[in-house]
Amino acid sequence: MDRESRPSERVRQLRDQAEELEQAAQHATDPEERQRLRDRALRIREKSERDHGRGSGTMDPM
C-alpha cells in the first residue's frame, strides 16, 4: 500500500511546485523572468499529466 501512495504524492509535489512557480511569475517584475517561470511551471504540469494522467493524485469533485 505504501507504493500506491508514492505516485500520488509525487504528482501532488509536482503540482505544488508548478503552482509556486506560477505565483512567483505573477510577482516577477522582469518580463523575461516572468516568462521563464511560467514556461517552467507549464513544463512541470505537462510532465505530471503525461507521466501520471490528468486526474492522478486528485480527488473526484463529484
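Exposed here means a relative accessible area over 50%, and buried means under 20%, with partly exposed in between. Keep those words in mind, since the tour uses them at nearly every stop. Remember too that this is a predicted model.

**Stop 1: how far to trust the picture**

Begin by colouring the chain by pLDDT. The mean for the protein chain is 83, and 77% of its residues reach 70 or more. Now select residues 56-62, where pLDDT stays under 50. The model has five contacts beyond four places in sequence for this stretch. Where pLDDT is low, predicted coordinates should not be read in detail. Let's move on to another part of the chain.

**Stop 2: helix 2 from end to end**

Select residues 31-52, which make up helix 2. This helix has 22 residues, and from its first C-alpha to its last it reaches 31 Å. That is close to the 32 Å expected at 1.5 Å a residue.

Which residues of helix 2 are buried? Show the side chains of Leu 37, Ala 41, Ile 44 and Ser 48 to see them. Turn the view until you look down the axis of helix 2: its buried residues fall within an arc of 60°, so they line one face of the helix.

Next, select Pro 31, Glu 32, Arg 43 and Arg 50. These are exposed residues on the face of helix 2 turned away from its buried side.

Just after the helix, click on Gly 53, which has a positive phi of about 85°.

**Stop 3: the nonpolar core**

Select Leu 14, Ala 18, Leu 21, Ala 25, Ala 28, Leu 37, Ala 41 and Ile 44. Together these eight residues form the largest nonpolar core. Helix 1 and helix 2 each supply at least two residues of this core, and helix 1 gives the most, with four.

For a closer look, centre the view on Leu 37. Setting aside residues up to four places away in sequence, Leu 37 touches Leu 21, Ala 24, Ala 25 and Ala 28.

**Stop 4: Ser 48, a buried residue of helix 2**

Stay in helix 2 and pick Ser 48. Is Ser 48 buried or exposed? Its relative accessible area is 1%, so Ser 48 counts as buried. Show what surrounds it: beyond its neighbours within four places in sequence, Ser 48 is in contact with Val 11, Leu 14, Arg 15 and Gly 53. You have already met two of these names, with Leu 14 in the core and Gly 53 just after helix 2.

**Stop 5: Arg 38**

Now choose Arg 38, which also has its place in helix 2. With 36% relative accessibility, Arg 38 counts as partly exposed. Leaving out residues up to four places away in sequence, Arg 38 touches Glu 22 and Ala 25. Try drawing a distance from the C-alpha of Arg 38 to that of Leu 21: the two atoms are separated by 6.8 Å, although the residues are 17 apart along the chain.

**Stop 6: a walk along the salt bridges**

Side chains of opposite charge can pair when their charged atoms come close. How many salt bridges does the structure hold? There are five salt bridges in the structure, and the next selections show some of them.

- Asp 16 and Arg 12: these residues form a salt bridge, with the closest N and O atoms 2.7 Å apart. They are four residues apart in helix 1 (residues 2-27), so about one helical turn separates them. Asp 16 is partly exposed at 36% relative accessibility, and Arg 12 is partly exposed at 39%. Add Glu 9 to the selection, and you have a network of salt bridges linking Glu 9, Arg 12 and Asp 16.
- Arg 36 and Glu 33: their side chains meet in a salt bridge at 2.8 Å, N to O. Three residues apart in helix 2, they are separated by about one helical turn. Arg 36 is partly exposed, with a relative accessible area of 41%, and Glu 33 is partly exposed at 30%.
- Lys 47 and Asp 51: here the salt bridge is 2.5 Å, N to O. These two are four residues apart in helix 2, again about one helical turn. Lys 47 is partly exposed at 39% relative accessibility, and Asp 51 is partly exposed with a relative accessible area of 39%.

Notes. Residues are numbered from 1 along each chain as its sequence is written. This is a predicted model: local features need pLDDT of at least 70, side-chain atom pairs count only at pLDDT 80 or more; totals for chains, interfaces and linings use all residues. Side-chain values use heavy atoms; hydrogens and water are left out. Buried means under 20% relative accessible area, exposed over 50%, partly exposed in between (1.4 Å probe, protein chains only). Contact means heavy atoms within 4.5 Å. pLDDT is the predictor's confidence in each residue, from 0 to 100. The expected span of a helix is 1.5 Å times one less than its number of residues. The arc is that of the directions from the helix axis to the C-beta atoms. A salt bridge is a side-chain nitrogen of Lys or Arg within 4 Å of a carboxyl oxygen of Asp or Glu. A nonpolar core is a set of buried Ala, Val, Leu, Ile, Met, Phe, Trp, Tyr and Cys residues joined through side-chain atoms within 4.5 Å.
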